[in-house]
Amino acid sequence: MNTYAIDLSLKPTTFDLWHVCLAGTVALMLIVLLLVMVIGRMRCKKKSAMQPAEPAVKIVEVEKLIQAPAPEPVVLKEATPDAALQLLGLLQQEARFIDFIKEDIASFSDADIGIAARVVHEGCNKAINEHFTLAAVRSEQEGSKITLPEGFDAATVRLTGNIVGTAPFTGTLVHKGWQVTGIRLPKLTSGHNAAIVAPAEVEL
Amino acid sequence: MSDLPEQAQPETAVADKPRQTGTRFSVGIDLGTTHCVLSYADLDRIDDEGFSPLVMAIPQLTSPGSVEEKLQLPSFLYLAHEAELAQDSTALPWIAKPDFLVGEIARNLGSKTPIRLVSSAKSWLCHTGVDCKAALLPAEAPDEVGRVSPFQATTAYLQHLRDAWQSQHPNAPLNQQDVVITVPASFDPAARELTVEAAHAVGLSQAILLEEPQAALYSWIEKSHGDWRKHAEVGDVILVVDIGGGTTDLSLIAVTQQEGNLELTRVAVGDHILLGGDNMDLALAYTVKAKLEKDGKRLEPWQLQALTHSCRDAKEKLFNHSELDNIPLVVASRGSSLIGGTLRTELTREEVNRVLVEGFLPKVAVSDRPTSRPRTGLRSAGLLYAQDAGITRHLAAFLAKQQGATDELKDINLPEHASFLHPTAVLFNGGVLKAGALADRLMDVLNSWLRAEQAPEARLLTGADLDLAVARGAAYYGYVRKGKGVRIKGGTAASYYVGIESAMPAVPGLSPEVQALCIAPFGMEEGTQQELPDDEFGLVIGEPVRFRFFASNTRREDKVGTRLNYWTNEELDELDEIEITLPEEGRRPGDVVPVHLCAAVTEVGTLELQAISQKDQSRWKIEFDVRAGE
């Protein structure tokens, strides 16, 4: 069996074409890297300039700006609890969502559950349509064959099953996906406690 | 009109910051019985056919602590108890603590606490026999709830709209824009005056009035982008049917020709009919309630309320989806336990047809009239809701009553044998008529009347947005007033009379005969006035003098000074009394001053009555808003 030993300390003694190309590539990569850094910084600036000024009145924006984290190796976005609580509140208000989920349905007949489900479905439908605009990610018919080109967005399309080979990938559209294209959440006043998704009700 | 300040603006200020002064927007406000809408257009950016008004999203509280933008502001006002709402939970983008809760939140809170909810304030404005500046509402509130007047409620809605505008257009204050506020065509002079006063109260002293059916027609004209001339022809009589949440309003507009140009003239308006979509939802809820009670289920008041809500949604679904035969209705329990406590029933297509189509738009003959029972009890206790729900019967009465409305227009020729005025085209307005079944039925009934008199069928003018047309049309009117586009003529929709006791010997036990003296003729144009120098009255300084006041929307031929000795109830409607008090300044109390009366229609669109001294021509305003029972 032949073994090849590579001595990494060896320096090229001649300037052949191979090494010229190598040096060129390194220089090109350095330039690209520099450019990316400059553009990235410019974008950052633009973004911060685009942030709207906080209104002087007492309306509190639901979505808090996420503080730029220290350069840790892994950055995870923290979900803002207010917006989540607000959505729960809307679903409860319109659709009695929490009431339905928190109820023990084991002892009820399907017919009874069905009647309640109408309340929940109708209300959720209203709440979601009023506050979100939803669209399918893929417009093709579910079950049809689709082809994903090279460089497709893996965040919007998830591959499953027999993932082998290289793009373009051809497969069956199992689920068309959903994406929110518009959000219209109510703004909250400073006195609003979002954790109260449904206030207790006392009739006098 | 107010171009001057713009030119006077020093150039440096313009260069420094694009500060706007003077009129820039034409703003239309639909101050509806159940909803308010504000529409606007930038007057600087309009070329002839490119008028496209926007509808303002109105920020409003929807529940305590939450503010949402909606295109409509529900015309409701809620008088919250001081312990009811948490601190800082009623802030709006422009104010930390508004005086009144209006809009969606008022409707939501009021649905569970009706004793604190003010609704239909607009209908109270033209309710004869009531002082609209007295704290009356909510009518059913217990004594400890601080009430508000219908006038205050109207002011509160206008104020909310003004503040919402201001927060979105900080450089264009609303009091510097062209503002048009719409009122029902059937509003009496006192109600128009009150609406203008409410606008003044929020600083909109430049606002002018426009009748809602006219606004709807303006919107149709604007939407057709100049094509309307192809859809309307000389000799057309356009019937505008406006069925809103709380009221039904009817108007007739004639299309005539003047030197080759089409002209539009509003020739007649109907009575104020308190009948609308809310009545329909309630009628359905009671139908379903009766069905449930037959099965032995009792409904509590809150359940009926919830049922009315679901009936409205179910009705719309049935009207929009012809393949559905019934829609399940559910009324959830109020406690946190949802399953088991929920009431289920259903609304069928048959019920909707029977209750709404047959009940509100019955197939009647044109000779049918609305039934009316004699009223019992105190009139001021509540609104005078229409007693007959048959809108088609009201329509028949209107068209028959206005048969002579076009007599003076030579372009419009009614056949000899006609028993009612024949409309040739129909324009719909109001959310109710979005339902195809109702719109079709209304056309069917009208065309059956026309066929019976060998007249061609009326065609439907399409393309209007039934919910937002009035506000859009009002914004367009602001543009028309600049001399662009066609303007609907019409003037006052009624002639007006004061009651004078006739000179005859007193007969014990009989009140003296009253004559009606015409002081303003039918169709008086804006900006004109008419005096009655020959009829002299002696007014006593310092003592209020009241006149009985009448209006007629059919007597077109009466001139100023015409005296009527006899009239039928159909011809003249008695309005609230009008009052004049001569101030004492420079005169001795008790002196008698000879005056004559003068009527003017202001540019704003209100009627103004004045007493003019025969001696020195000084003038005193005669007030409308003295309501009986004061």
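So, the six-stranded sheet in chain B. This is a predicted model, and in it 6 strands of chain B make an open sheet, in the order S18-S17-S12-S13-S14-S19, with mixed pairing. At the edges you'll find S18, residues 459–461, and S19, residues 488–489, and each of those pairs on one side only. One pairing to look at is S12(B) with S17(B), residues 425–429: they run parallel and share 5 bridges. If you want a spot to click on, Asp242(B) sits opposite Asn429(B) in S17(B).

Okay, stay with S12(B) for a second, as helices pack around there. What lies over the buried part of helix H12(B)? The cover includes strands S12 (237–243) and S13 (248–258), plus helices H11 (349–360) and H13 (436–452), all of chain B. H12 itself is residues 391–401 of chain B, and 9 of its 11 residues are buried, so the rest of the structure largely encloses it. The buried stretch takes in Ile391(B), Thr392(B), Arg393(B), His394(B), Leu395(B), Ala396(B), Ala397(B), Phe398(B) and Leu399(B). And yes, there's an arginine and a histidine in that list.

Next helix: H9 of chain B, residues 277–294. Quick sanity check on this one: with 18 residues at 1.5 Å each, the helix should span 26 Å, and the end C-alpha atoms are 26 Å apart, so that agrees. Which of its residues are buried? Gly277(B), Asp278(B), Asn279(B), Met280(B), Asp281(B), Leu284(B), Ala285(B) and Val288(B). As a reminder, an α-helix has 3.6 residues a turn, so residues three or four places apart point the same way. Keep that in mind when you look at Asp281(B), Leu284(B), Ala285(B) and Val288(B), which are among the buried ones. The buried residues of H9(B) pack against S12, H10 (301–320), S15, S16 (343–348) and H11 of chain B. After the helix comes Gly296(B), with a positive phi near 85 degrees.

Now the other sheet I wanted to show, further along chain B. It's open, it has 5 strands, and the order is S24-S21-S20-S23-S25, paired antiparallel. S24 (563–564) and S25 (573–580) are at the edges with a single partner strand each, so one side of each has no neighbour in the sheet. Inside, S20(B), residues 495–501, and S23(B), residues 545–552, run antiparallel with 5 bridges between them. There, Gly499(B) stands opposite Arg548(B) in S23(B).

How does chain B divide up overall? The domain assignment gives domain 1 at 4–210, domain 2 at 225–462 and domain 3 at 495–622. Domains 1 and 3 of chain B touch: 10 residues of domain 1 are in contact with 8 of domain 3. On the domain 1 side, helix H6 (189–201) and strand S11 (208–211) each put in at least two residues, and H6(B) has the largest share, with 5. By type, that side is 5 nonpolar, 2 polar and 3 charged.

On to the core. In soluble globular proteins, nonpolar side chains tend to be buried together. Here the largest nonpolar core has 189 residues, and the ones with the most contacts inside it are Ile29(B), Leu38(B), Leu77(B), Leu161(B), Leu217(B), Leu427(B) and Ile519(B). Helix H14(B), residues 469–480, gives the most to this core, with 9 residues. What does Ile519(B) touch, apart from neighbours within four places in sequence? Tyr496(B), Tyr497(B), Val498(B), Leu532(B), Val560(B), Leu597(B), Ala599(B) and Leu609(B).

Last bit: where the two chains meet. 24 residues of chain B contact 24 residues of chain A. Strands S4 (58–63), S5 (66–70) and S15 (326–331) of chain B each supply at least two residues on the chain B side; S5(B) gives the largest share, 3 residues. That side splits into 11 nonpolar, 10 polar and 3 charged. There's strand pairing across the chains too: S6 of chain A, residues 187–189, and S5(B) pair antiparallel over 2 bridges. In that pair, Leu188(A) has Ser66(B) as its bridge partner.

And chain A itself? It has 4 helices and 6 strands, arranged along the sequence as α-β-α-α-α-β-β-β-β-β. Of its 204 residues, 10% count as buried. Among chain A contacts with a separation of 6 or more, 68% come from residues 24 or more positions apart.

Technical notes: Residues are numbered from 1 along each chain as its sequence is written. Chains are lettered from A and ligands numbered from 1 in the order in which they are written. This is a predicted model: local features need pLDDT of at least 70, side-chain atom pairs count only at pLDDT 80 or more; totals for chains, interfaces and linings use all residues. Two strands pair if DSSP finds at least two bridges between them. A residue is buried if 20 or more other C-beta atoms lie within 10 Å of its own, exposed if 12 or fewer, and partly exposed in between; C-beta atoms are placed from the backbone. Two residues are in contact if their C-beta atoms, placed from the backbone, lie within 7 Å. Domain bounds come from an automatic or database domain assignment. Ala, Val, Leu, Ile, Met, Phe, Trp, Tyr, Cys and Pro count as nonpolar, Asp, Glu, Lys and Arg as charged, and the others, Gly among them, as polar. A nonpolar core is a set of buried Ala, Val, Leu, Ile, Met, Phe, Trp, Tyr and Cys residues joined through C-beta atoms within 7 Å. The expected span of a helix is 1.5 Å times one less than its number of residues.
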